[in-house]
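Subject: Handing over the two-chain model

Hi,

Here is the structure I promised to pass on. Please have it open while you read, and my notes follow below.

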Amino acid sequence: MASAAIPRPRRRPPPFRTVSRSLLLTSPIALWALLMFTPVFRSPGRNAHLGAVVVILFMTTLFFLMMRTGKTYRWRRCFFVALGFLFPVGFIASLIHLRGSMSLSLEHMLGGDTPFCHMVIPMALIPAALTRTVIFPGSILPTATNPHSIAIMLGLWLAFTLVLGKAWCSYACFFGGIEEGFAAMPKHIRIRKIDPRLRLVPWALLIAVAVLSAALFEPVYCRWLCPFKTVTEFQRVTSVQTAMQMAIFVSLFIGLVVVLPFLTKKRTQCGFFCPFGAFQSLFNRINLFEIRFDRDKCVDCTLCRTSCPTMALSAESIREGRTLLNCMKCGACVDSCKKNAAVWHLKGTPVAVKPERARLLFLYGAWGLATMLGGSILENSLATLIGFLPLR
Amino acid sequence: MRTRWLTVLAYMGAAISLIVAASTPFVLLGAFANAVATTGVHVDAVYSGGAIARTVIRDGYQIDVNHPVHPHALQDVDPFVQIAFRPASSLPRHVKDEVDLDGDGQADVRVSFTVPSDPNARLAGEVIALNAKYRSFRTPGSEPSFSELIARSGDTVLVRVPLNEPH
């Protein structure tokens, strides 16, 4: 009896894979990362070289840890938060270098120098389909002053969407990491009760901004509602209207990207506001990868629901063995499930049969594209930061 | 049997998505960008200024006169005509020019502006309408707008003359 009262030391679970097997599975990503950054090494610039080396090691190590531990969410979050916090650094530095300011003037809009952002896509589709006109002050093809042209960014989005569906929001979006970072900071959840009807807000906003943008022929969300204007670029404040817009951007950023994620440990902007996220959810229907629940193993402990950062799970959906349409395949539910009931799944195959194979197939595509897009953003930002260091 | 075929199809689909991911930076991105460009999709004329109607050659520089831009129904911009003076680096310090906007051989506006040595400095100037179809204005004046401006963009000085007609 006495021995039963003594707490037994907690044994660490055995690694998911051996080191050698994990290394073997990581080697394609390591090669891919080297390939992606070869052009950086070919051009001069010590800071860029250093940045590229760090990013190659960073992305490869994280993938190795995914293979070794069998966990996805924690390591993906390391990359995603780094992307979210470093993206504004590189972006703002390049704006100040090119324009001398974060604010966007009329002259820059006329010159087609505005980098195209994926947030515009759902607003630009209707006018583009009806009149072949893009309602954005960028350039269709890359130019010397604007390499992030409309066609290039559209191509990247399309590739990600075909390969990942809504996982764009957890592997590619350079904004989501900011709130994921704030959501990761506190140990405990301070606001637990969130009305599930809030999940409908992004859909309502999507319809509203798509219709209004088509009617007014301007990207309404970017002009009035985008919280991330606070940390990227915004129209120069020259009037009461532009001052109001700026006040809205800053308020939404503080509320939805900083304070609420900190209090709820959820990605509140992504889950309850972002119209692009709602639009991207539609592509989960055609994407091959998804998360499913093995009902034979599920004990309805709700750990998965608590861990989901965008409330993409409901009691009904779990009973049906599925996630909701807005699942961004971050892997939080799979990693939190103690019964291995939440599994990665390839549509068309039997559920819970070889889920690791489905995870691997998904991760190779997701991590490859993340290394290409997010990796280059990280490299650029790191090179900027290294430039500030007093190094010889 | 059906399940087996579905499984085969699913793995083939996954393989294709991996191929798409791998070929994106090397083949697909460039091909896609070129394909988009060939569809005739263009940036809204409110930003781009519309298509060039004709070019007038002056001593050391040229003036591109664009077609009038009539914004869409609910767009919050007045109709305008864009004229572009280029290259800005070859322009005299003070430019004073009469420009025919509608191509009838008569000057429609008198444009005058000072080109500052700092390319980022704001331009001060004036447009005087010689034809009732157009509106006069002066910069820096009220709130800058897409339909009424004198601004430098790269090596070009853009002048947008508002049309004197209701939107």
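Let me start at one spot in chain A: Gly165(A) comes right after helix α7(A) and has a positive phi, near 65°. Helices here are DSSP runs of H or I with at least four residues, strands are runs of E with at least two, and both are numbered from the N terminus.

Before going on, please note that this is a predicted model, in which local features need pLDDT of at least 70 and side-chain atom pairs count only at pLDDT 80 or more, while totals for chains, interfaces and linings use all residues. Residues are numbered from 1 along each chain as its sequence is written, and chains are lettered from A and ligands numbered from 1 in the order in which they are written.

Back to α7(A). Its 15 residues should span 21 Å at 1.5 Å a residue (the expected span is 1.5 Å times one less than the number of residues), and this agrees with its end C-alpha atoms, which are 21 Å apart. Twelve of the 15 residues are buried, so the helix is mostly covered; buried means that 20 or more other C-beta atoms lie within 10 Å of the residue's own, exposed means 12 or fewer, and partly exposed is in between, with C-beta atoms placed from the backbone. Among the buried ones are Ile150(A), Met153(A), Phe160(A) and Leu164(A). The cover includes β2, α8 (168–171) and α18 of chain A, together with α1 (2–38) of chain B.

That brings in the interface. In total, 46 residues of chain A are in contact with 41 residues of chain B, where contact means that two C-beta atoms, placed from the backbone, lie within 7 Å. On the chain A side, α7(A) gives the most, with nine residues. By class, that side has 29 nonpolar, 13 polar and four charged residues. Here Ala, Val, Leu, Ile, Met, Phe, Trp, Tyr, Cys and Pro count as nonpolar, Asp, Glu, Lys and Arg as charged, and the others, Gly among them, as polar.

The chains also share strand pairing: β2(A) and β1 (residues 42–43) of chain B run parallel and are joined by two bridges. Pairing requires at least two bridges found by DSSP. Thr133(A) has His42(B) as its bridge partner.

Next, the cores. A nonpolar core is a set of buried Ala, Val, Leu, Ile, Met, Phe, Trp, Tyr and Cys residues joined through C-beta atoms within 7 Å. The largest has 127 residues, and Leu369(A) is one of the five that touch the most other members. Helix α18 (residues 355–388) of chain A gives the most to this core, with 14 residues. Apart from it lies another core of 34 residues, including Leu110(A) and Val95(B). Leaving out residues up to four places away in sequence, Leu369(A) touches residues of both chains, among them Phe160(A), Tyr171(A), Ala21(B) and Thr24(B).

As for chain B itself, it holds two helices and ten strands. Its C-alpha trace spans about 80 × 35 × 30 Å along the principal axes. Of its 167 residues, 34% count as buried.

One last residue to look at is Lys229(A), in the loop between α11 (220–224) and β3 (234–235) of chain A. Lys229(A) counts as buried because it has 23 C-beta neighbours inside 10 Å. Beyond its neighbours within four places in sequence, Lys229(A) is in contact with Phe234(A) and Phe249(A).

Enjoy exploring it!
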